[in-house]
Structure formats: C-alpha cells, structure tokens
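A student who meets a protein model for the first time may wonder where to begin. The dialogue below takes up a few features in turn.

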Amino acid sequence: MIRQIIILLSVAISVLSAYPQSSRMSDLKKQQKEAQQRVSNTSRKLKAAQLSAKKSLSLLNQITAEISLRKKEINKITSEINKLQKQERSLTGKINALEASLKEKKREYALAVQSISRQNSGYETMIFLFSANTFSQTVRRLRYLKEFSAWRRTQAEEIKAQQEELVKKRSELAQLRKERKAALDKRQEEADKLKAKEADQKVVVSNMKKNEKALRSELQRQKKQAAALDRKIEQLIAEEARKSNQTPSQERKPQTYGGYSMTKDEQVLAKSFEQNKGKLPMPLSGRYMIVGHFGRHQHSELKYVQVNNSGVIIKTLPGTEARSVFDGVVTKIFVVPGYNSSVIVRHGNYLTIYSNLSEVYVKVGSKVKTRQALGKIYSDPEDGNSTLLHFQLWKETTKQNPELWLDM
C-alpha cells in the first residue's frame, strides 16, 4: 500500500513538473517565430528601402540628364534666334538702302525724261545737231544722244531689277520673321518643359533626403561594383599587354614602352581608329540619353555625392542592342556583379568595353565590323526595366573620355 502511494506521488510530481516545462517550450518557440518574423520584415524593409534608393537615384539621374538636354536645346534655339535677328537687321538695312537707291534712280530718270520730252520733235533734234560749229562737235552731239538713249534703257532696266530685288528681299524678311517667331515659340515650349522637369527633380531630391541612409548604402554598393569592374578591366588589359610582349617579333611593335605590341595590320587599324576621333557611331542602336558622364565630378543635386565614371552611362529602351563602334577583334568576355556580361573589343592598341549585357552574340576571337551587334543590353526589372549600357574606351592602360570620340 505504502509502495503504491509512493509511486502515485512520483507520477504526480513528474506530471506537475513537466507541465511548466512544456509551456515554457511553447513560449520559446512562439518567441523564436516572432523574432524570425521581425528579422524577415526588417530584411524586407531594408531591401525595399535599397530598391527605392536605387530607383530614386536612377530617376534623378534621368531627370538631371533631361534637364541638361533641355538647357542645351534652349541655348541652341536662343543662338538660332540671335542669328535670325542679326540676319533680319542686315536684311532690313539692305532693304532700306535698296529703297533709297530706287527712289533716287526714279528721281533721276524722271528728270531725264522731262528734259528729253522738251525735245518733242525730230525737227528740234536736227537743229541741235546742225547748230554745231564744227563737224567734230556734231559727231560728239550725235554720240551724246545715242549714249543718253542707252543710259535711259539701262536706267529703266536697273529700276526694274531693283524693284524685283526689293520684292524678293521683303519676302525673305517676312520668312525670317516667321522663322524667328516659330523659334521663340519653340524656346518657350522647351522652357515650360524645363520648368516641369526642375519641379520633378526637386520632389525626387526631397524624397531622397528623407531616406538618406538607404541612398548612401546604395551609392556605396554601386561604387564598389564600379571599382570591381575597373580592376577586372585593368587586370585583363595588363594580361593582354604582357602576352603580346612575351613573343618578340620584328612585326610586333609597341607604340609606348610596356604597351601592347601590335602587328602591322593592328598598327594600321589603331591609326584608322584614331583618325575617326569624334566620328565614331554610338555603341547602341536606337534612341539614347547620356545619364552618366566621364570622369570625377560633384553630383549636380546631391552635394555630398561625388561621381566617378570610367566611361559613360547610356540610357536606352528595353530590347536595345550594344554594337561595336569600329572594326576590331573580341578579346575578352567576362562577368562582374552589377554589370552582368561585358565584352572587350580591341582596335589595335585601343579598346572599347561594353558592359551590362544580358545576352552576348559574339565569342572571343570573333572579328567584328563597325555597328555590328555584340549583345542585348540588360533591362533591370527592379528598376522599372531601366536599360543602361556602360561604355568605356581605353588606349592601352589609359582611360579616354568616350564623349570626345563619339559622333553625338
């Protein structure tokens, strides 16, 4: 009996001690689940903030580029208006001078006609001729009458020609004034568009300032990716130069010490490439806008942001293809995070780099022609299908400003 009581007490104690333990385990699991959910929510919010910063930065760059284009267009139109005004003033001066000259000619012609009209008969003309004292004087008087008659015809023709010229000049002046008015209207239209874009820009900048932490994080990420791309390109260029100099040959010569050793054909290609500076076609097909310029400069709106581009960033439409700007050979195809696939085309000791391709149509060793498609430019679904081509141009190990080479 006592043994049974002891067993029952032991079971009861075990049950009672197990209940709080089970409850604590349930609470812990619940807390763990809530903590995981908080982490997940925080991660989602952080990712959303970064995506928002990325989109905002992309939008700001696009608006800033559009504002720059609008200002250039307005300056161009203003220059055209000034040119038209100058032509208008010059033409007005010519018309005034022509009117004065025509008026004087008409006056002289009228006086001459009045003088001749007094000699209203052939009899008076005969008296004028035969009243001369000598034969030579008669000849001179006869020559005078002939010359006067020729002068009258010439004056009449000149008056007619000047009248026609005056009509033509007045028509030109009317056309100039019409063109100037159209230019003024166009400038006003562009100014209105510029004002709207500047208002959009202020809104975007204001919103970005509210989320400055995420923006700085995004800028830092982009900066690291750009630096990684530059390091990769420099590494590949150095490798190519090293390989070209490993097999010395009378045919292969570097243009600079330690530079890329070129064959005669490559030297000719490099020279031809150089001669086309400022005339190279755009490295893509279709519409485009430069949203990132070469070199280090302060961001026009974000004063704490310093931009450093090794080339140019070109915004275009989804589905657009990158194309070679000149004849050359594909020497490298590589991938860098943030820039998808990149293609290097060599033109002697010049290189062009096409980055952010989603598809590549060529292979290493492929010979390409000017304007040949190299691949499809990537469209970012997280940035409203923003389609950006990163284009660089190097001479051996020295970066060049692509905008000085392209025919834009």
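What follows is a conversation between a learner and a teacher about reading this predicted model.

Q: What holds oppositely charged side chains together in pairs, and how many salt bridges does the structure hold?
A: Side chains of opposite charge can pair when their charged atoms come close. The structure holds 6 salt bridges. One of them joins the side chains of Lys 186 and Glu 190, with a distance of 3.5 Å from N to O.

Q: Why are Lys 186 and Glu 190 separated by about one helical turn?
A: Lys 186 and Glu 190 are 4 residues apart in helix H3, which spans residues 135–210, and therefore about one helical turn lies between them.

Q: Is Glu 190 buried or exposed?
A: Glu 190 is buried, because its relative accessible area is 4%, and buried means under 20%. Its partner Lys 186 has a relative accessible area of 34% and is partly exposed.

Q: Which parts of the chain does the salt bridge between Asp 230 and Lys 399 tie together?
A: The side chains of Asp 230 and Lys 399 meet at 3.5 Å, N to O. Asp 230 belongs to helix H4 (residues 212–246) and Lys 399 to strand S15 (residues 398–400), so the pair ties together parts that are 169 residues apart in sequence. As for accessibility, Asp 230 is buried at 15%, whereas Lys 399 is partly exposed at 30%.

Q: Where do the partners Lys 395 and Glu 274 lie?
A: The side chains of Lys 395 and Glu 274 form a salt bridge of 3.4 Å, N to O. Lys 395 lies in strand S14 and Glu 274 in helix H5 (residues 264–275), so this pair ties together parts that are 121 residues apart in sequence. Both partners are partly exposed: Lys 395 has a relative accessible area of 23%, and Glu 274 has one of 36%.

Q: Which residues are joined into one network by salt bridges that share partners?
A: The network consists of Arg 70, Lys 186 and Glu 190.

Q: How should one read a strand, and with which strand does S10 pair over 6 bridges?
A: In a regular strand the side chains alternate between the two faces of the sheet. In this model, S10 pairs with S14 in the antiparallel sense over 6 bridges. Within this pairing, Leu 351 has Trp 394 of S14 as its bridge partner.

Q: How many bridges join S10 to strand S12?
A: There are 3 bridges between S10 and S12 (residues 373–377), and these strands also run antiparallel. Here the bridge partner of Leu 357 is Ile 377 in S12.

Q: How many of the residues of strand S10 are buried?
A: Strand S10 covers residues 350–360, and 8 of its 11 residues are buried. The strand is thus described as mostly covered.

Q: What can be read from the backbone angle phi, and which value does Asn 340 have?
A: The sign of phi is a feature to note residue by residue. Asn 340 has a positive phi of about 50 degrees, although it is not a glycine. Asn 340 is found in strand S9 (residues 340–347), and its relative accessibility of 26% makes it partly exposed.

Q: Where does Arg 371 lie, and is it buried or exposed?
A: Arg 371 is in the loop between strand S11 (367–368) and S12. It is exposed, because its relative accessible area is 51%, and the cut-off for exposed is over 50%. Arg 371 is not a glycine, yet it has a positive phi of about 70 degrees.

Q: How does one describe the surroundings of a residue, and with which residues is Asn 385 in contact?
A: One sets aside the neighbours within four places in sequence; Asn 385 is then in contact with Pro 318, Ser 379 and Asp 380. The C-alpha atoms of Asn 385 and Pro 318 are 6.8 Å apart, although 67 residues separate them along the chain. Asn 385 is found in the loop between strands S13 (379–380) and S14 (386–395), and it is partly exposed at 40% relative accessible area.

Q: Which residues are in contact with Asn 309?
A: With neighbours within four places in sequence left aside, Asn 309 is in contact with Gly 292, His 293, Phe 294 and Gly 295. Asn 309 is found in strand S5 (residues 306–309), and at 15% relative accessible area it is buried.

Terms used:
Residues are numbered from 1 along each chain as its sequence is written. This is a predicted model: local features need pLDDT of at least 70, side-chain atom pairs count only at pLDDT 80 or more; totals for chains, interfaces and linings use all residues. Side-chain values use heavy atoms; hydrogens and water are left out. Helices (H or I, at least four residues) and strands (E, at least two) are DSSP runs, numbered from the N terminus. Buried means under 20% relative accessible area, exposed over 50%, partly exposed in between (1.4 Å probe, protein chains only). Contact means heavy atoms within 4.5 Å. Two strands pair if DSSP finds at least two bridges between them. A salt bridge is a side-chain nitrogen of Lys or Arg within 4 Å of a carboxyl oxygen of Asp or Glu.
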